[in-house]
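Open the model in your viewer and keep the sequence panel beside it. The stops below say what to select and what is there.

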Amino acid sequence: MAYKFRIYPNEEQKILLAKHFGSCRFVWNYFLNQRKEYYINNKEDIEAKRIKGCLNYYDNSKDLTKLKKQDGFQWLNECNAQSLQATLKHLDSSYKMFFRKTHQFPKFKNKNNKQSFTIPQFFKLENNKIYFPKFKNGIKVKEHKKLDGKFVVATISKNCNNQYYVSIIVEKEVKTLDNLQKAIGIDLGIKDFATCSNGVVYENIKPLKRKIKKLKYLQRQLSKSNKFSGIRKKRQLKLAKYHLKISNIRKDYLHKITNQISNENQIICLEDLAVSNMIKNHKLAQAISDVSWHEFKRQLEYKCKWKGRQLVIIDRFFPSSRMCDVCGTINQSLTLKDREWTCDNCETTHNRDLLASRNILRQGLNIAAGMVVKSEGSCCQ
Ligand SMILES: [Zn+2]
C-alpha cells in the first residue's frame with residue numbers, strides 16, 4: 001500500500017531537498033549517458049559477444065563511488081548516499097524493463113519536470129514529522145491518516161506548483177497461518193558454520209577437525225608411495241573410504257541444521273555462496289567449508305520445496321557484514337579478521353556474523369516483499 005502526504009520543508013530544507021533532486025537527476029543522466037556511450041563505443045565487440053551488452057548496476061555503483069571522490073563532483077557527498085544508489089537501481093530496472101519490451105527506453109531527466117528521489121531505508125514518521133538521513137530535524141508532514149505496518153520505501157517529490165510530497169510504501173502484516181510466519185537470516189562462515197539472526201550459532205563440528213588431520217596424513221602417505229606399487233592401490237582405497245566417511249558425518253550434521261531451520265521458519269534468507277571465486281584459499285578447512293556450504297544450500301532448497309517454505313538468496317555483493325543496521329553507515333575498512341566493529345557514525349558495536357545475519361534477513365524480506373529490484377545474483381524461490 002502506498003500513502004501520500006503533503007510535506008512542508010523550511011527554507012533551509014528546501015535548499016537541501018533541491019540538492020537531492022539535482023544530484024539524483026545528475027546521477028541518472030550521467031549514468032544513462034555512460035551506458036549509451038558504452039554501447040556506441042563497443043558496438044562491434046558487443047555484437048560479436050566478446051563483451052557484455054550493457055553496463056549493470058554494479059558497474060555504475062563502482063563508478064559512482066569513484067566519481068564522488070573526484071574534484072568537481074564532491075558536492076554529490078552532500079546528499080544521502082542511499083538515494084543516489086537507489087537512482088542507479090531505478091536506472092538498472094528501467095533498462096531491464098526496456099529489454100523485456102514492457103517499457104520504453106529510459107529518457108534523460110529534465111529539471112523543469114516533476115522532481116523526486118527515493119529514500120530506501122532509515123526514515124521514520126514521528127510527531128507529524130518525517131525524519132531521514134541528512135534531515136535530522138525532520139520535515140513537517142500533514143498526516144491525514146495513521147499508518148500501520150512496516151515502512152518499506154519513501155519517495156520525496158516536488159510538483160510544478162512547488163508543492164512537496166512524501167509517498168510511503170507500507171507492507172501490511174501478513175495474516176498468520178499456522179504460527180509459522182517466522183523468518184530467519186543465515187550468515188555462513190569459516191570459524192562458525194552458521195550464525196542466525198535469532199542468535200543461534202551452529203559451530204563447525206569438532207569430530208570433523210580431528211578427521212581432517214587424519215585425512216591429511218592419508219594424503220601424504222599416498223603421495224609418498226610408489227606409482228605402480230600394490231600398496232598405492234590400497235592407500236588410494238583407504239583414502240577414498242575416509243573421504244566418504246567424512247562426507248557422511250558432514251551431511252548428517254547439515255541435515256540436523258537444515259531440518260531445524262526449515263521446520264521453524266517460513267522465510268529463510270541466505271547469502272549467495274559463490275565465495276570460493278573471491279577468496280583463493282588452498283587450505284583444506286576452506287575446501288571443506290565450501291563443500292558444506294553448497295550441500296547446506298542444496299538441502300535447504302529441496303526441504304523448502306517440500307515444506308512450502310520460501311528460500312530467498314541474497315546476492316553476494318550485498319554488504320551484509322559491513323553495513324551498520326542502526327544507521328546504515330557502511331564500514332569500508334572492515335577486514336576478514338575483524339570479528340567486531342564499532343560504527344563511526346552511531347557508535348554501535350557489532351558482532352560481525354550476527355550483524356550479517358540480521359542484514360541478510362532484512363534484505364531477504366525486502367526481496368520477498370518485492371520491494372528491492374533483484375540483481376543478477378538474487379533469486380526468490
Ligand atoms: Zn551506525
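Start by selecting Glu 295 and the residues around it. Leaving aside neighbours within four places in sequence, Glu 295 is in contact with Lys 251 and Leu 254. This is a predicted model, so treat each stop as a feature of a prediction. Glu 295 belongs to helix α7, residues 284–307. With 9% relative accessibility, under the 20% cut-off, Glu 295 counts as buried. Show side chains here and find Gln 299: its side chain makes a polar contact of 2.7 Å with the side chain of Glu 295.

**Helix α6**

Next select residues 230–264, which form helix α6. The helix has 35 residues and reaches 52 Å from its first C-alpha to its last, close to the 51 Å expected at 1.5 Å a residue. Colour its buried positions: Leu 239, Tyr 242, Ile 246, Ser 247, Arg 250, Tyr 253, Leu 254, Ile 257, Thr 258, Ile 261 and Ser 262. Leu 254, one of these buried residues, is also a contact of Glu 295.

**The nonpolar cores**

In soluble globular proteins, nonpolar side chains tend to be buried together. Select Leu 17, Ile 130, Phe 132, Ile 156 and Ile 168, which touch the most other members of the largest nonpolar core, a set of 34 residues. Then add helix α1, residues 11–41, which gives the most to this core, with seven residues. A second, separate core has 20 residues, including Leu 188, Tyr 253, Leu 300 and Cys 304. Tyr 253 is among the buried residues of α6.

Go back to Leu 17 and show what surrounds it. Apart from neighbours within four places in sequence, Leu 17 is in contact with Pro 9, Phe 117, Phe 132, Phe 135, Ile 139, Ile 156 and Tyr 164.

**Helix α4**

Select residues 81–99, helix α4. At 1.5 Å a residue its 19 residues should span 27 Å, and the end C-alpha atoms are 28 Å apart, which agrees. The buried residues of α4 are Gln 82, Ser 83, Leu 84, Ala 86, Thr 87, Leu 88, Leu 91, Asp 92, Ser 93, Ser 94 and Tyr 95. To see what covers them, display elements including α1, α3 (57–69) and β2.

Within α4, pick Ser 94. It is buried, with a relative accessible area of 15%. Beyond its neighbours within four places in sequence, Ser 94 is in contact with Trp 28 and Pro 106. Draw a distance from its C-alpha to that of Lys 107: the two residues are 13 apart along the chain, and the atoms are separated by 9.6 Å. Following α4 is Lys 101, whose phi is positive, near 65 degrees.

**Positive phi in two loops**

Most residues other than glycine have a negative phi. Select Phe 122, which is not a glycine yet has a positive phi of about 60 degrees. Phe 122 sits in the loop between β2 (115–119) and β3 (124–126) and, at 24% relative accessibility, counts as partly exposed. Move on to Asn 162, where phi is near 60 degrees, again a positive value in a residue other than glycine. Asn 162 lies in the loop between β6 (150–158) and β7 (164–171).

**The zinc site**

Which residues hold the zinc ion as protein donors? Select Cys 324, Cys 327, Cys 343 and Cys 346: their SG atoms lie 2.3 to 2.4 Å from the ion. The four donor atoms subtend angles of 104 to 114 degrees around the zinc ion, which makes the arrangement tetrahedral. Along the sequence, the donor residues are spaced C-x2-C-x15-C-x2-C. Cys 324 is in the loop between β12 (310–314) and β13 (340–342), and Cys 346 in the loop between β13 and β14 (349–351), so the pair ties together parts that are 22 residues apart in sequence. Cys 324 counts as buried at 0% relative accessibility, whereas Cys 346 counts as partly exposed at 29%.

Now select Val 326, in the loop between β12 and β13. Leaving aside neighbours within four places in sequence, Val 326 is in contact with Phe 122, Cys 346, Thr 348 and His 350. Its C-alpha is 9.6 Å from that of Glu 347, a residue 21 places away in sequence.

**The whole chain**

Finally, zoom out and colour by secondary structure: the protein has eight helices and 15 strands. Of its 381 residues, 42% count as buried. Among contacts with a separation of 6 or more, residues 24 or more positions apart account for 67%.

Key:
Residues numbered from 1 in each chain as written. Predicted model: local features only at pLDDT ≥ 70, side-chain atom pairs only at ≥ 80, totals over all residues. Heavy atoms only, no water. Core = buried A, V, L, I, M, F, W, Y, C linked by side-chain atoms within 4.5 Å. Buried < 20%, exposed > 50% of the residue type's maximum accessible area, 1.4 Å probe, protein only. Helix = DSSP H or I, 4+ residues; strand = E, 2+ residues; numbered from the N terminus. Contact = heavy atoms within 4.5 Å. Expected span 1.5 Å × (residues − 1). Donors = N, O, S within 2.8 Å, 3.2 Å for Na, K, Ca; no water. Tetrahedral: all angles 85-135°; square planar, octahedral: opposite > 155°, others 65-115°. Polar contact = N/O pair within 3.5 Å; in protein donor to acceptor, adjacent residues only side chain to side chain.
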